[in-house]
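Visitor: I'm new to this one and would like a close look at a single part. Could you walk me through it slowly?

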Amino acid sequence: MSKPYYLTTAIAYTSGKPHIGNTYEVVLADAITRFKRKEGYDVRFQTGTDEHGQKIELKAQEAGITPKAFVDNVAGEIKTIWDLMNTSYDKFVRTTDDYHEKTVQKIFKKLYDQGDIYKGYYEGLYCTPCESFFTESQLVDGKCPDCGRPVGHAKEEAYFFKMSKYADRLMKHIEDHPDFIQPESRKNEMINNFLKPGLQDLCVSRTSFSWGIPVDFDPKHVIYVWLDALSNYITTMGFDVDGNHDEMFRKYWPADVHIIGKDIVRFHTIYWPIFLMALGVPLPKKVFGHPWLLVGSGKMSKSKGNVIYADNLVNLFGVDAVRYFVLHEMPYENDGVITWELLVERINSDLANTLGNLVNRTISMSNKYFGGIVTDCGDHDSFDKELMDTALDTKTKVIKKMSQLRVADAITEIFNLFKRCNKYIDETTPWLLAKDPEKKDRLSTVLYNLVESITIGASLLVPFMPDTAAKIFAQLNSRERTMDELEMFGLYEHGSKVVEKPEILFARLDLNEVMDKVDALYAAKNPASAEPEDTEEAEEVVDLDAKPEISIDDFDGMQFQIGEVIACEAVKKSKKLLCSQVKIGSQVRQIVSGIKKYYTPEEMVGKKVMVLVNLKPATLAGVKSEGMILCAVKPDGELCLMTPEKDMPAGTEIS
């Protein structure tokens, strides 16, 4: 019998269309869900919409419709985007669902009857968009600490929850369960900023607006957003305040993980656990507060005009390319960055080149040399073992990363396998083997190993890029492997035939063409922005102080060549340095570079770079460096590798 696993996202607030940063969360949760299912778990994946509150009431008034009509429209749009992104949720909850509202009323009444909720007056500083009260000391520069918007003075009759009653118990739970709040920095923030200073009683009802769940024994009050919204995690499964829970609740609760944004960690790790303690219900096992996806260096904001939506990205790049980008580019703890330029770069380098070109080359060579028939003739050498070991080790590495919710790192491990496959092609040179009839068996074995390794990689890729993996299986005439099968190499059926004409999985993109489409897209949505302006924004340039002139003889004395990074690791004694093994012709040079801030060792492997070869060797942080990798460096220190425009052989001279 499969072990149950319950995972939720935060429910999306129905004040407007979610941007790609909001959408990232449900894609992240879906990837984790699909992976846990692949591991054999009986997963329940829940998402949905948070539909009550003053902000929605005001927006509905502005639109001239009822709040219910307003949230129906927005909830429908949110669900459409979640479906567009191919997310495999089991339940889409709406807090306007009748069963949810009735259970929330019972929860409120139980907490009131047992003395955890009492009536009083609230007077303080209130942020309408966040629907939160703050003290003066909690403000940041006089504004809301969560969203940065202005706050206003408010006073009204309200019910309050006695948070301090459970504070010590919550602190002990956090201490006894070190993985309860992840990442570690979020836990430290909750303890130091909220629990240690002391918890204030929490306002849990409002009278200044009516769009909410009424307090059934005091109807002029509506139940305040967090007691309403957070309860969705249990109301959907038949939670009963008297303990007569449905079978689904008994099966899946406590939740294995709540996937939420870092801006609402406080509500999920302080308010929600305390509500559950008061109800006598076990706490969720883990709350993971993921970072934000930023545009350039700033948070997405309609007022800034920098909002990017998932449906626009899908129209330009396709579902799986967008899924790959948001999952791969979001670090475990720090904020990720999305720009149009970075999207195009990742699609070209990772998807079109590393993965797409690998599959295409393998199928094309199989057709060219063997009519598409793939057979292992048993003609092996040392390169085969290295490839096989990488393929079989990848499962273990991916499982470890996913157990830590390090999804980006898990995807990197899979693409390391694809990179190893590309390196294997360079090592075995199938095009040269094809010229020697006596090496036909060796060539057949090489192509078999490639098909087998790609199948293993694609099987692990399914949770992250399900449609792409399915296309790979179809083109190779293979199938998705189970987790147990991924422990074996050689399961591809001998004599199977790949497709005659491989489909291009990801075409290389031209940045200028993409930006033209982006401009047209935004112009269509905002015609005023398409009007010509009187002034043209100056192109960013950098002026440097001139160095002394050199002669052609000086330049001829420097030897520049194309190098291929075949291995890379961080220098242990340095926060800035990476140590790369760079193939230059038939030689391999060890080069130390101060680029750790901008590139991971995994990203470096497989890159073609420009190298100053005859630089006098130096020792950096105790590691010998035998050359220099060339980079372009902006005045603020940001840098990028100088790489050849076209794929050039390692060792090619730069002149």
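Visitor: Let's take the open sheet of four strands: what order do its strands have, and what is the sense of their pairing?

Guide: Happy to. Keep in mind that this is a predicted model. The strands of your open sheet come in the order E6-E5-E7-E9, and the pairing is antiparallel. As background, strands of a sheet pair through backbone hydrogen bonds, and they can do that either parallel or antiparallel.

Start at the edges. Strand E6 covers 132–134 and strand E9 covers 202–203, and each has a single partner strand, so one side of each is left without a neighbour in the sheet. Now step inward from E6 to strand E5, residues 117–127: three bridges join E5 and E6, running antiparallel. To find that spot by eye, look for Tyr126, which stands opposite Phe133 in E6.

For another antiparallel pair, jump along the chain to strand E19 (residues 578–584) and strand E20 (residues 587–593), which pair over seven bridges. Ile584 faces Gln587 of E20 there. This hairpin has two residues between the strands, and Gly585 takes a positive phi near 65° in it.

While you're here, have a peek at the inside too. There is one cavity of 30 Å³ or more, and the largest cavity holds about 40 Å³ of space. Its lining includes His52, Glu131, Trp211 and Asp228. Strand E11 (222–223) and helix H7 (225–230) each supply at least two of the lining residues. Sorted by type, that lining has six nonpolar, three polar and two charged residues.

Then there are the rings: the structure holds 23 aromatic pairs. One of them is Tyr233 with Trp272, whose ring centres are 5.8 Å apart with planes at 65°, so this pair is edge-to-face. Tyr233 belongs to helix H8 (residues 232–235) and Trp272 to helix H10 (residues 265–279), so the pair ties together parts that are 39 residues apart in sequence. Are they buried or exposed? Both Tyr233 and Trp272 are buried. They also belong to a cluster linked by ring pairs, along with Tyr6, Phe239, Phe249, Tyr252 and Trp253.

Rings can have charged company as well. The charged end of Lys17 sits over the ring of Tyr309, 4.5 Å from its centre. Lys262, in turn, lies over the face of Trp292, at 4.6 Å from the ring centre.

Key. Residues numbered from 1 in each chain as written. Predicted model: local features only at pLDDT ≥ 70, side-chain atom pairs only at ≥ 80, totals over all residues. Heavy atoms only, no water. Pairing = 2+ DSSP bridges. 1 Å grid on protein atoms, 1.4 Å probe; cavity = no way out; pocket = protein on both sides within 12 Å on 5 of 7 lines; lining within 4 Å. Points joined across faces, edges and corners; volume = space filled by probe spheres on them. Nonpolar A, V, L, I, M, F, W, Y, C, P; charged D, E, K, R; others polar. Phe/Tyr/Trp six-rings, centres within 6.5 Å; stacked < 30°, edge-to-face > 60°. Buried < 20%, exposed > 50% of the residue type's maximum accessible area, 1.4 Å probe, protein only. Lys NZ or Arg CZ within 6 Å of the ring centre and 35° of its normal.
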